[in-house]
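Let's walk through this one together, starting with a single helix and working outwards. Have the sequence and the 3D view open as you read.

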Amino acid sequence: MDPELWSVRPLWLTVLAALWGAAAGLLVPRAAYRFAVEPDEAWRTRCPDGHVLTGAAGGWLGLARCPDCAQDLRDVRTSRSAPGDAGRGPGDAGRVPEDAGRVPDGAGRMPGDAPTAYRYGTATPLVTLATAGACAGLALATGARPELAVWLLLAPLGVLLAVVDFRVQRLPDVLTLPLAGLALVLLGVTALVPEHAGEWPTALFGSLVLGGAYFLLFLVNPNGMGFGDVKLALGIGAVLGWYGWGTVVLGTFAGFLFGGLYGLGLVLMRRAGRKTSIPFGPFLIAGAYVGLLIGAYAA
């Protein structure tokens with residue numbers, strides 16, 4: 001292969017990976033909003049103003065925007081700019097009279113009230129940029145090796161888990177367990193493709209060992225380690241184990257380091273005490289990402 005062509009190829013891979021990450025990141029806020037509930041609550045099916053979430057895959061796929069709220073907002077603006085407000089004060093234009101005839105709708109809002117949310121959940125631009133950047137970094141580190149496709153498929157799921165855990169300190173089983181299974185299956189297929197740079201047996205053992213280690217930590221200190229973190233460790237162990245035990249150790253250490261620094265920062269800012277619970281999943285994912293980048297680059 002022409003060396004000049006090889007030097008340009010990673011750039012194209014990086015651009016394509018960033019575009020993929022941006023497209024996938026656009027869908028993360030809606031899914032995060034639906035998953036970000038307490039353990040005893042059902043997944044959200046309505047926007048903050050009470051409109052049913054519709055769209056692909058039963059309303060799970062789509063932007064974190066409510067078209068019904070947008071229409072309500074347009075209707076309110078139209079009513080406020082309509083003629084017939086003579087005799088009212090400057091601040092009274094379009095205001096609905098307070099009378100007994102007003103009946104609240106299903107969301108508890110009165111007719112004429114503007115919707116409280118058109119865009120909801122975590123800021124879409126921030127999540128989109130984060131997912132695009134994560135995918136671009138993976139492409140730069142991995143290059144044209146076949147496992148890059150696995151990393152790009154799993155990265156948006158990792159971002160989704162991090163967002164949900166930050167919001168409600170919860171890692172849903174419907175995300176963590178499929179992550180582990182999907183990682184092992186996809187890496188098993190990748191191991192059959194020429195020019196890969198990892199080992200599937202190590203990925204399997206990495207999943208079992210890291211999951212077992214986190215389970216022991218959970219038994220020792222249930223208040224410091226959630227069981228959702230244990231399930232997440234199964235998938236992360238598989239991803240890190242692909243590049244060997246050194247990558248597993250590095251990614252695990254980085255996760256604890258990031259989590260410790262975050263907790264220390266909260267204590268120093270007096271926003272938390274030593275026993276305050278913090279979401280560990282995002283730092284576990286961030287540490288795994290750093291370990292994966294270094295492992296992929298060194299492979």
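A quick bit of bookkeeping on helix length: the expected span of a helix is 1.5 Å times one less than its number of residues. Helices here are DSSP runs of H or I with at least four residues, strands are E runs of at least two, and both are numbered from the N terminus. This is a predicted model, in which local features need pLDDT of at least 70, side-chain atom pairs count only at pLDDT 80 or more, and totals for chains, interfaces and linings use all residues. Residues are numbered from 1 along each chain as its sequence is written, and side-chain values use heavy atoms, with hydrogens and water left out.

Now take helix 8, residues 227-241. Its 15 residues should span 21 Å, and the end C-alpha atoms are indeed 21 Å apart. Even so, helix 8 has a kink of about 25° centred on Ala 233; the bend at a residue is the angle between axes fitted to the seven residues ending there and the seven starting there. Because 13 of its 15 residues are buried, helix 8 is largely enclosed by the rest of the structure. Buried means under 20% relative accessible area, exposed means over 50%, and partly exposed is in between, using a 1.4 Å probe and protein chains only.

So what runs alongside? Two packed helices are described by the angle between their axes and the distance between the axes. The axes of helix 7 (residues 200-220) and helix 8 come within 7 Å and cross at roughly 155°. These axes are lines fitted to C-alpha atoms over the stretch in contact, with angles from 0 to 180 degrees between N-to-C directions. The two helices are therefore roughly antiparallel, a label for angles over 145 degrees (under 35 is roughly parallel, 65 to 115 roughly perpendicular, the rest oblique). Among the residues making this contact are Gly 206, Leu 210 and Tyr 214 of helix 7, and Ala 233 and Gly 237 of helix 8. Contact means heavy atoms within 4.5 Å.

Thr 252 sits in helix 9 and is buried, at 15% relative accessible area. Beyond its neighbours within four places in sequence, Thr 252 touches Leu 210, Tyr 214 and Leu 240.

For a change of scene, Gly 273 is in the loop between helix 9 (245-268) and helix 10 (281-298). Gly 273 is partly exposed, at 33%.

Zooming out, the chain has 10 helices and 0 strands, and 41% of its 299 residues count as buried.
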